[in-house]
Amino acid sequence: MSQGVRTRPEGSEQALSEAYDTALLDLDGVVYAGGEAIAHAVESLGTARTGGMHLAYVTNNALRTPDAVAAHLTELGIPAAGSDVVTSAQAVARLIAEQVPAGARVLVVGGEGLRVALRERGLEPVESADDDPAAVVQGYGGPELAWGRFAEACYAVARGVPWFASNTDLTIPGARGIAPGNGAAVEVVRIATGAEPQVAGKPLPPMHRETVLRTGARRPLVVGDRLDTDIEGAFNGDVDSLLVLTGVTDGARLLAARPEHRPTYVDADLRGLLTGQPDVTPAGDGFRCGGWTATAGAERLELEGEGQSLDGLRALCAAAWTAAGDGACALDAAKALARLGV
C-alpha cells in the first residue's frame with residue numbers, strides 16, 4: 001500500500017482471500033455484535049480458512065482473555081485457538097513491561113484480559129493506589145465496572161504514577177446499539193487529573209507491532225468497521241484494508257474520510273473476502289463503478305445510473321476523496337446516499 005493520498009477504492013481481480021495470506025480481523029462490528037455472529041460472518045470466514053487464508057482476530061477490547069475470545073468464536077462456529085487472537089491488553093502489557101522493572105505492580109482498571117496479559121509479562125496486577133503501583137493501566141471493563149475503580153486510577157495518576165490505556169475507542173457496538181467504550185472511561189481520568197496516557201491499541205504502532213509479532217503475517221489485510229482505529233491502524237502500518245459496513249461506519253462518514261481513514265477496499269460484510277473488487281475508473285469529470293457515475297459538484301455530490309448500491313458508494317468515494325484531496329470532503333452527500341439506501 002502506498003502512503004500517498006488515496007483518492008478511490010482499489011479493484012482486485014483476485015478474491016481478497018487469495019490476494020492476501022492473513023486477514024487481521026477486528027471483532028466487534030465485524031465478526032460479531034453483542035456476542036452474536038454478524039450475518040454471513042461464520043460462512044465467509046470458514047470458506048476463507050478452507051481456501052488457505054490465515055485468520056487472526058485483532059481486537060481493541062481488552063476485557064476478555066485470548067482463550068475466552070477463541071472459545072466464544074468457536075461456539076459461534078468459527079474454530080479458533082487463543083494463539084489466533086491478539087488483544088490491546090497484550091499490546092499494552094508489552095508496552096508497560098518495557099518501561100517498569102520486572103515483577104512490578106500495576107494498578108488495573110479493567111477486566112480479566114488485562115490481568116492475564118500483565119502476568120504473561122511477569123507483572124503483578126493490583127487493585128489499589130495504595131499498593132505502590134509502578135504503573136496504572138485502563139482497559140474496557142464491561143458495563144459493571146464500578147465508579148470507584150476510576151477513583152483509584154485518579155489517585156495514583158495524581159501522584160505521578162505512569163498511566164497507560166489499552167485503547168481509546170469512545171464507543172463499542174452491542175446488540176442494543178452503541179455503548180460507551182474504553183475511551184469514554186479514559187476521559188473520566190483525563191478530566192479529573194489533567195494527565196495523558198500512553199496508548200497501545202489501534203491505530204497506534206504498539207498494536208500493529210504486537211500483531212505482526214504474534215501472527216507472522218507477510219501479506220496482511222486489515223478488516224474492520226472503524227475508520228479511526230482499524231483503517232487508520234492499517235494506514236500507520238502501511239498495509240491494505242477492507243472496510244465492512246456492519247459496524248459503526250456509515251456512508252456519510254466514509255465519504256468524509258481523511259486520507260488516513262480511507263480504506264483500500266469497501267464491502268458490505270465479510271463476504272467481501274471471498275470475491276474480487278470492482279474497479280473504479282475515471283469517467284469524464286467523475287468516476288464510474290458498475291452502473292453508477294459519481295461527480296463532485298460545487299456544493300454536493302451527484303450520482304447517476306443504477307445497479308448495485310455498493311458500486312454507487314465506491315464511485316461516490318472516488319468523487320468525494322478526489323475533491324477533498326488531503327482533507328475531508330464537506331460536500332453534501334445526503335441526496336446521493338439516499339438513492340443508494342446507505
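1. D132 is found in the loop between β7 (124-126) and β8 (135-138); helices (H or I, at least four residues) and strands (E, at least two) are DSSP runs, numbered from the N terminus. D132 is not a glycine, yet has a positive phi of about 55°. Its relative accessibility is 64%, so D132 counts as exposed. The terms for accessibility are these: buried means under 20% relative accessible area, exposed over 50%, partly exposed in between (1.4 Å probe, protein chains only).

2. A note on the source: this is a predicted model, in which local features need pLDDT of at least 70 and side-chain atom pairs count only at pLDDT 80 or more, while totals for chains, interfaces and linings use all residues. Residues are numbered from 1 along each chain as its sequence is written, and side-chain values use heavy atoms, with hydrogens and water left out.

3. H40 also has a positive phi, of about 75°, although it is not a glycine. The residue is found in the loop between β3 (36-37) and α2 (41-50). H40 counts as partly exposed because its relative accessibility is 32%.

4. A cis peptide bond leads from K202 to P203, with omega near 10°. P203 has its place in the loop between β12 (198-199) and α8 (205-215).

5. The helix that follows this loop, α8, lies across β1, β4 and β5, and runs at about 160° to β5. Contact here means heavy atoms within 4.5 Å. For such angles, axes are lines fitted to C-alpha atoms, for helices over the stretch in contact, and angles run from 0 to 180 degrees between N-to-C directions.

6. The strands β1, β4 and β5 belong to an open sheet of six strands in the order β5-β4-β1-β13-β14-β15, with parallel pairing. Two strands pair if DSSP finds at least two bridges between them. At the edges are β5 (85-87) and β15 (265-267), each of which pairs on one side only. On average, neighbouring strands of this sheet are turned by 25° against each other, direction ignored.

7. Within the six-strand sheet, β1 (residues 22-25) and β4 (residues 54-59) run parallel and are joined by four bridges. Opposite A23 stands L55 in β4.

8. Another open sheet has four strands, in the order β16-β17-β18-β19, and its pairing is antiparallel. Its edge strands, β16 (281-283) and β19 (301-305), each pair on one side only. From one strand to the next, the twist averages 30°.

9. In the four-strand sheet, β18 (residues 292-296) pairs with β19 in the antiparallel sense over five bridges. A294 has L303 in β19 as its bridge partner. Helix α11 (residues 309-324) packs on this sheet and touches β17 (286-289), β18 and β19. The direction of α11 makes about 25° with that of β18.

10. How many disulfides does the structure hold? The count is zero, where a disulfide is a pair of cysteine sulfur atoms within 2.5 Å. C289 is in no disulfide, and the nearest cysteine sulfur, that of C317, is 9.7 Å away.

11. Is C289 buried or exposed? C289 counts as buried because its relative accessibility is 1%. C154 has 13% relative accessibility and therefore counts as buried.
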